[in-house]
Amino acid sequence: LFHQPQIDIDKNAVDGSEVLLRWKHKYYGFIAPEIFIKLAEDTGIINELTLWVVSKACCDLEEIINLGYTDYNVSINISGKDISEPSFLTNIKKIISQYDIPLSSLTFELTESVMVNDFNHLSQIMNELASMGIHVAIDDYGTGYSSLLYISQLPFHELKIDKSFVMNLENSERDLTIVRTTIEMAKNLGLKIVAEGIESKAIEAILKRHGCSIAQGYYYQKPISFKQYLLWLIKYQVKE
Ligand code: C2E
Ligand code: CA
Ligand code: CA
C-alpha cells in the first residue's frame, strides 16, 4: 500500500496522503491498479481487499500521528461493491476500533459510479459514516454521471477534481472554466476541494489563483512505499 502526499499549497505543508494499492506479480511485474481492482471486483475479493487496505491505512496513520503529525488526513479508495456489501459498516467499525486514531482523520473516496445505484442505501451508509466522523469525498469529480442532486442531498465533505481536467489547465480554456466553477461551487457548499494530477509549478499557480488549496500530483511526489514515504515526510518538514 503506497502513499501519495496531498499538499496544502497555501500553508506549504503536508495535509495528508492518499493510499494506493500496488501489486508486483512474480512474472508480469507491476500490474496497473485499474486492472487488478477490476479483477478483484469481478472475482468477489474486493471487500476483503478493501478491509485489508483500511486496516493497513489505519496502522500507517497511527504511526504518522505518533511522529507528531496530529492533524493528518489519510484518504482511502472505496469501491462501489464495498458500499453494497451488507456487512461493510460492521466490518469497518471492527477494524478502526483496533487503532488509536481520530476518525475525522479518515476520508473515504467514492467515485460518482457509486452514486448511480441505490440512493437510499448510499444515503444510509453515508449518514452513518458521517455520524462516526469519517469524511467522504467525491472522487474523479466530473468524469462520471455527476448528479448535483446527490451532491446536494448527501453528507459529502470533500470534492476531488479529476486529473483529466487538471493536466491541461495551461492550454485549455474549457478545462480552466470547468475547474474554476467547480472550485467555486465546492467552496460555496462548504466542501474541501482537492485537485489531483499536478505535474508543474505552473499548474499549481493556476489552482492557487482560483482558490484551490489542496493539491496532489507528481510535481510534489509520486506514490511511494510507506517506508519511503515516512522519510519523504520528515525531509519535507525540514525543507520548509
Ligand atoms: P484514483 O483514485 O484517481 O487515484 C489517482 C491516480 O492518479 C493514481 O493512479 C495516482 O498514481 C495517479 N496520479 C497522481 N498524481 C498524478 C500526476 O501528477 N500525474 C499522473 N499522470 N498521474 C497521477 P494509480 O495509483 O495507478 O491508481 C489508479 C486507480 O486505481 C485509482 O485512481 C483508483 O481508482 C484505483 N485504486 C488504486 N488503489 C486502490 C485501492 O486501494 N482501492 C480501490 N478500490 N481502488 C484503488
Ligand atoms: Ca482516489
Ligand atoms: Ca482520478
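Modeller: Before we look at the metals, a donor here is an N, O or S atom within 2.8 Å of the metal, or within 3.2 Å for Na, K and Ca, and water is not among the atoms, so sites may look incomplete. Please also keep in mind that this is a predicted model.

Biologist: Okay, then which residues coordinate the calcium ion (ligand 3)?

Modeller: The calcium ion (ligand 3) is held by Asp140 and Asp162 through OD atoms and by Glu196 through OE, at 2.1 to 2.4 Å. Along the chain, the donors of this ion follow the spacing D-x21-D-x33-E.

Biologist: And where do Asp162 and Glu196 sit in the fold?

Modeller: Asp162 is in the loop between β8 (158-161) and α7 (163-166), while Glu196 belongs to strand β9 (residues 192-196), and this pair, 34 residues apart, links distant parts of the chain.

Biologist: Buried or exposed, that Asp162?

Modeller: Asp162 has a relative accessible area of 10%, so it counts as buried, the cut-off for buried being under 20%. Glu196 is buried too, with a relative accessible area of 10%.

Biologist: Switching to the calcium ion (ligand 2), what are its protein donors?

Modeller: For the calcium ion (ligand 2) they are Glu18 (OE), Asn77 (OD1), Glu109 (OE) and Asp139 (OD), which lie 2.1 to 2.4 Å from the ion. Their spacing along the chain reads E-x58-N-x31-E-x29-D.

Biologist: What do Glu109 and Asp139 tie together?

Modeller: Glu109 lies in strand β6 (residues 106-111) and Asp139 lies in strand β7, so this pair ties together parts that are 30 residues apart in sequence. Glu109 counts as buried at 1% relative accessibility, and Asp139 is buried with a relative accessible area of 5%.

Biologist: How many Å separate the calcium ion (ligand 2) from the calcium ion (ligand 3)?

Modeller: The separation between these calcium ions is 5.5 Å.

Biologist: Now ligand 1: where does it sit?

Modeller: Ligand 1 sits in the largest pocket. The elements giving two or more residues to the shell around it are β2 (13-20), α1 (33-43) and β7 (135-141), and α1 provides the largest share of that shell, with three residues.

Biologist: How many residues surround ligand 1, and which are the closest?

Modeller: There are 22 residues around ligand 1, and the closest are Gln4, Arg22, Lys163, Glu199 and Tyr218.

Biologist: Which atoms of Tyr218 and Asp140 lie 2.8 Å and 3.2 Å from an oxygen atom of ligand 1?

Modeller: For Tyr218 it is a backbone N or O atom, 2.8 Å from an oxygen atom of ligand 1, whereas for Asp140 it is a polar side-chain atom, at 3.2 Å from an oxygen atom of the ligand. Asn77, which is also a donor to the calcium ion (ligand 2), has a side-chain N or O atom 3.1 Å from an oxygen atom of ligand 1. Taken alone, ligand 1 exposes 800 Å², and the protein buries 87% of that.

Biologist: Back to Asp140, what is its phi near?

Modeller: Asp140, in strand β7, has a phi near 50°, which is a positive value in a residue other than glycine. Most residues other than glycine have a negative phi. At 23% relative accessibility, Asp140 counts as partly exposed.

Biologist: And Asn12, where does that lie?

Modeller: Asn12 lies in the loop between β1 (2-8) and β2, and although it is not a glycine, its phi is positive at about 55°. With a relative accessibility of 44%, Asn12 counts as partly exposed.

Key: Residues are numbered from 1 along each chain as its sequence is written. Chains are lettered from A and ligands numbered from 1 in the order in which they are written. This is a predicted model: local features need pLDDT of at least 70, side-chain atom pairs count only at pLDDT 80 or more; totals for chains, interfaces and linings use all residues. Side-chain values use heavy atoms; hydrogens and water are left out. Helices (H or I, at least four residues) and strands (E, at least two) are DSSP runs, numbered from the N terminus. Buried means under 20% relative accessible area, exposed over 50%, partly exposed in between (1.4 Å probe, protein chains only). A residue is near a molecule or strand if one of its heavy atoms lies within 4 Å of it. A polar contact is a pair of N or O atoms within 3.5 Å; within protein, one must be able to donate a hydrogen and the other to accept it, and residues adjacent in sequence count only if both atoms are side-chain atoms. Accessible areas come from the Shrake-Rupley method with a 1.4 Å probe; for residues, only the protein chains shown count as cover. On a 1 Å grid over the protein atoms alone, a cavity is a set of points where a 1.4 Å probe fits but cannot get out, and a pocket is an open set with protein on both sides within 12 Å along at least five of seven lines; lining residues have an atom within 4 Å of a point. A molecule sits in a cavity or pocket if more than half of its atoms lie within 2 Å of its grid points.
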